[in-house]
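Notebook open, model loaded. I'm jotting down what I look up as I go.

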Amino acid sequence: MLELHEICRGFSGKQVLHDVSLTAARGQLTGFVGGNGAGKTTTMRIILGVLAADSGTMKLDGAQLGATARSRFGYMPSERGLYPKMKIAEQITYLARLHGFSKSEATARAEDLLGQLGLGERLKDPLEALSLGNQQRVQIAASLVHDPDVLILDEPFSGLDPFAVDLVLRVLVERAQAGAVVLFSSHQLDVVERLCDDLVIIGEGRILAAGEREHLRRRHGTLRYELASETDLGWAATQPGILVDSQEENRILFQAESEVAQQLLSQAVQRGQVTKFGPVLPTLSEIFREFTTDSTDPAAENAQEAAR
Amino acid sequence: MSTQSSTPQAAPSTRLGTMAATRLVAGREITTQVRSKSFVISTIITVVIIVGGIFAMSFFGGGDDDPSPVAAVEVPAEVVQEIEGSGFEVTEAGSMAEAEQLLRDGEVDAIVTLDPQSPVGVHLIGLDDLPMGAAQQLSVMPTMDVLEGDAADSMMRYFAAMGFGLVFMMVAMGSGVMILQNTIQEKQNRIVEILLSAIPARALLAGKILGNSILAIGQALIMGASAVLGLLISGQTEYLQMLSWPMLWFVLFFVPGFVLIASVFAASASLVSRQEDSGSVMTPAMMLVMAPYFVVLIFMNNDFAMLVTSYIPFTAPVTMSLRLFDGGVAWWEPLVSMGILVATTALVMAVAAKIYTRSLLQMGQRVKLSAALKSSD
């Protein structure tokens, strides 16, 4: 388990991270979401030791995180980059050697991994000669070649074609199943929602919410109910204690206290056959929106907008 | 053993040491450049120009058809005939004093005397300049001397000054720009983040400096060897003897001098994140590289300026070598100058490492120097 405890960091006087604490467990995917400039990349760089924290502690499996443990971290930065003119096998070998593998072992690993990613025929081609999709695969190889047991990926899906998205997904799940810590950030909230067991939401350098996905969905956002019937549900909207979000002839989506919702259900059953009733958990985007609108002062933002 | 090789070894549990990382980075810098076509082609062109140039100079140097007037002193008639056969117009001088008068009046270009030590049996004396033109007309280089001043003066000296200055400037500029481009490229395409997640920034910097220094010294040695080759082919071994000692010093000075330049380039480059912005940080570094060449070009005959610049770290490699070539330098002078150079290099490297480490991850706008020095990672 990777643990961050009250990490603070500022850049030239401006505080970017405020007491950031989070955990990412082994064997599952942890999603890290937040708006632009929320502090995701800075947090990730601090985990990797590329940046230093001003204060706070980091632990891996209970032990203080140091350079030795970090040599088994794999990193995919949000802005991708490798040497454009270097042959791909050579460049992955070089990175493996920087992580401490012997020359022969590094070469074997690099060629093997690139082969697995479907690039076995292109080993001697310079990176810039490959298509964008294939370049992305090389990038994935770069973060995996040293068999990392902690994977930190900054926006791993941005700019990927659907094939590459599937490839990355498969790789992430595989690594997690093998017992690695996998922490990744993404703007694609639907992907995060589908994949991640755990979520961390960050805004303006503070952790806004963290925990199991289902737990978060139940606890945050607005609980709504969906009711569908074979008869017209037009009468339901006028009932006291009910706030209708959307209404069709045979289906309504509404917010209400649990008891009020049950009363509405029993009324509906009396009027006709109910085909569907149940709570609708908020989607991650809704929770995310709730948090981000809470944390930013809309008036101030509008004023800024107007000033531009 | 076969079972072992089929199972991949577990990831090493210790992080690669700084030294090992430095060597790896240096190795990559060297192999990438040595393999690039532009590097190979430019090296071949340089060798061809140097060898060819020296050869052509000796071949066409004395190429005027008019016989050069010389004064012969106590030279037997058959030798005079032989000299006239080589394209000289010989005036018999009764005594050395008479011959010297002819030389001073400009009636003759050189004085010819007999010399059993000389490979061709004659000795040539110029006025204040070795009579190279005349000497080259003989099939084998005779022994030579001058009437006034040091034998090493004027043309040879100019040649040496240009040689030291140009070699230093060309090599330092080429490698400096290479370091600058590599560093910005790593920043621009963000591979630097992956590199820094594996190895410390100072290993990256040290590897860059080490790799490019080895390359630069290799290039300088190739240029030197080409010059020696050219002189050997054209039979101008006379120059070789005069150059050997200062050249050795030049090589010694070149090493820390280049490391100094390399550090400045790497630190400058880390301040910007796009190739388009490289101009603003390159100018100061470029001026440092060009300084030695222009100093010798302008102040070659100003003893005071030469003395001062031979102690300034950035110009010392060239001016001190030239002063050594001139002679009259106390034994401790190159040592002191070398000491100052090495100390400055160490200091600049430390500052460069600081700037490099702190600005490597600052993307976007150019990082202000003061901000890079103040920031706290």
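Which are the buried residues of helix 13 of chain B? I'm working from a predicted model here, and I read off B:A316, B:P317, B:V318, B:T319, B:M320, B:S321, B:L322, B:R323, B:L324 and B:F325. That makes 10 of the 11 residues in this helix, which runs over 316-326, so I noted helix 13 of chain B as mostly covered. I also checked what follows: B:G327 sits just after helix 13 of chain B and has a positive phi of about 85°.

Next entry, the contact between the chains. I got 31 residues from chain A and 26 residues from chain B. On the side of chain B that touches chain A, helix 2 (18-35) and helix 8 (191-198) of chain B are the elements giving two or more residues. Helix 8 of chain B has the largest share there, with seven residues. I then sorted the residues on that side of chain B by character: 14 are nonpolar, seven polar and five charged.

Last entry, a single serine. I found A:S266 in helix 9 of chain A, which spans residues 258-271. Is A:S266 buried or exposed? I counted 10 C-beta neighbours inside 10 Å, so A:S266 goes down as exposed; the cut-off for that label is 12 or fewer. I also looked up its separation from A:K40: the two are 226 residues apart in sequence, and their C-alpha atoms are 47 Å apart in space.

How values were computed:
Residues numbered from 1 in each chain as written. Chains lettered and ligands numbered in written order. Predicted model: local features only at pLDDT ≥ 70, side-chain atom pairs only at ≥ 80, totals over all residues. Helix = DSSP H or I, 4+ residues; strand = E, 2+ residues; numbered from the N terminus. Buried ≥ 20, exposed ≤ 12 C-beta atoms within 10 Å, placed from the backbone. Contact = placed C-beta atoms within 7 Å. Nonpolar A, V, L, I, M, F, W, Y, C, P; charged D, E, K, R; others polar.
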